[in-house]
Amino acid sequence: MNFFSAMEIISSGLTAERVRMNVTASNLANAETTRTKAGGPYRRRDPVFEATNLQKTGGFQSQLEQAVKGVAVTEVVEDTAPPRRIFDPGHPDAREDGYVELPNINMVEEMVNMMMAARSYEAGVSAMQSVVDMAQRALSLGK
């Protein structure tokens, strides 16, 4: 594995964590959205991560290079949990029984997801800086 492979692996992780942060921010922003184009309240969303091959197959490669994996977001899925219901007969979206259906979003869970994504992103940036530092030191050996 070379420096570029390490950078490609790290950048795939950074991209995936950026998507997770964006999806979580969307969930937080829509925590009170009771009406969408599809009808009903906003549905919480989660990104689905999957290991992906970074190295191109073919040619002569070591088994280690063939085993190198990155990460990719394959899809963003909607949570199937039922919406929260609160009694608010004065709300414009209240049903006949006075209940309003709100998104199935737990603010604490979303904040934990945001913090985990931010910490993972920070770790990826630190790893990228370490790879750059190692490459610079390797280049300075030839001087």
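**Figure 1. The aromatic pair of the predicted model.** In this predicted model, the count of aromatic pairs comes to 1. The pair is formed by Phe87 and Tyr99, whose rings are arranged edge-to-face, with 5.4 Å from centre to centre and 70° between the planes. Phe87 belongs to strand S3 (residues 84-87) and Tyr99 to strand S4 (residues 99-102), so the contact between the rings ties together parts that are 12 residues apart in sequence. Phe87 counts as exposed, at 54% relative accessibility, whereas Tyr99 is partly exposed, with a relative accessible area of 32%.

**Figure 2. Arg85 and the ring of Tyr99.** The view shows Arg85 lying over the face of Tyr99, at 4.6 Å from the ring centre. Tyr99 is also the partner of Phe87 in the edge-to-face pair.

**Figure 3. Helix H1 and its surroundings.** Helix H1 comprises 27 residues, 3-29. From its first C-alpha to its last, the helix reaches 39 Å, close to the 39 Å expected at 1.5 Å a residue. Buried positions of H1 include the polar or charged residues Ser5, Ser12, Glu17, Arg20, Thr24 and Asn27. Ala16 and Val23 are also among the buried residues of this helix. The cover over the buried residues of H1 includes strand S1 (45-53), strand S2 (69-78) and helix H3 (107-141).

**Figure 4. The largest nonpolar core.** Five residues make up this core, namely Ala6, Ile10, Leu14, Met128 and Val131. Helices H1 and H3 each supply at least two of the core residues, and the largest share, 3 residues, comes from H1. In soluble globular proteins, nonpolar side chains tend to be buried together.

**Figure 5. Glu110 in helix H3.** The residue at the centre of this view, Glu110, is found in helix H3. Glu110 is buried, with a relative accessible area of 0%. Its side chain makes a polar contact with the side chain of Arg44, at 2.4 Å. Beyond residues up to four places away in sequence, Glu110 touches Thr24, Asn27, Leu28, Arg44 and Ile105. Of these neighbours, Thr24 and Asn27 are among the buried residues of H1.

**Figure 6. Glu8 in helix H1.** Glu8 is found in helix H1 and is partly exposed, with a relative accessible area of 35%. The view also includes Ser120, which is 112 residues from Glu8 along the chain. The C-alpha atoms of Glu8 and Ser120 are separated by 16 Å.

Definitions and conventions
Residues numbered from 1 in each chain as written. Predicted model: local features only at pLDDT ≥ 70, side-chain atom pairs only at ≥ 80, totals over all residues. Heavy atoms only, no water. Helix = DSSP H or I, 4+ residues; strand = E, 2+ residues; numbered from the N terminus. Expected span 1.5 Å × (residues − 1). Buried < 20%, exposed > 50% of the residue type's maximum accessible area, 1.4 Å probe, protein only. Contact = heavy atoms within 4.5 Å. Phe/Tyr/Trp six-rings, centres within 6.5 Å; stacked < 30°, edge-to-face > 60°. Lys NZ or Arg CZ within 6 Å of the ring centre and 35° of its normal. Core = buried A, V, L, I, M, F, W, Y, C linked by side-chain atoms within 4.5 Å. Polar contact = N/O pair within 3.5 Å; in protein donor to acceptor, adjacent residues only side chain to side chain.
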